[in-house]
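I opened this model to look up burial, fold order and two residues. My entries follow the display.

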Amino acid sequence: MDSTLFADRFVFSSSDAALDLASGRRVTVKRVAVADRSGLHRWLRRCAALASLTHPLLVSLVDYGSAGRSEHFEVLDCARCGPWR
């Protein structure tokens, strides 16, 4: 089975699940399309706010950033995801 390294930290072994090499936990990587500069700023503020939240009932935002010139990503901690996608 082929594995793919993404953002120097996440290894994909299937299409929707990845392994976070920093923590050893399963994560879900969500790709995000941002239309323009103002949309990018809103998305960055949203991600910064979500990354700062901690609560046992919330799915944690582990990482976020750019993937190339026009694509962005969010990484969610699967340990608390359960059946949620």
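Entry 1, burial. I looked up how much of the protein is buried: 31% of its 85 residues count as such, where buried means under 20% relative accessible area, exposed over 50% and partly exposed in between, with a 1.4 Å probe and protein chains only.

Entry 2, source. I note that the model is predicted, that local features need pLDDT of at least 70 and side-chain atom pairs pLDDT 80 or more, and that totals for chains, interfaces and linings use all residues. Residues are numbered from 1 along each chain as its sequence is written, and side-chain values use heavy atoms, with hydrogens and water left out.

Entry 3, fold. I find one helix and six strands, in the order β-β-β-β-α-β-β along the sequence. These are DSSP runs numbered from the N terminus (helices H or I, at least four residues; strands E, at least two).

Entry 4, His72. I place His72 in strand 6, residues 71-77. His72 counts as buried because its relative accessibility is 6%. Leaving out residues up to four places away in sequence, I list its contacts as Lys30, Arg31, Val32, Val34, Leu40, Trp43, Gly65, Ser66 and Ala67; contact means heavy atoms within 4.5 Å.

Entry 5, contacts overall. I took the contacts between residues at least 6 apart in sequence, and 40% of them join residues at least 24 apart.

Entry 6, Leu5. I find Leu5 in strand 1, residues 4-6. Leu5 counts as exposed because its relative accessibility is 51%.
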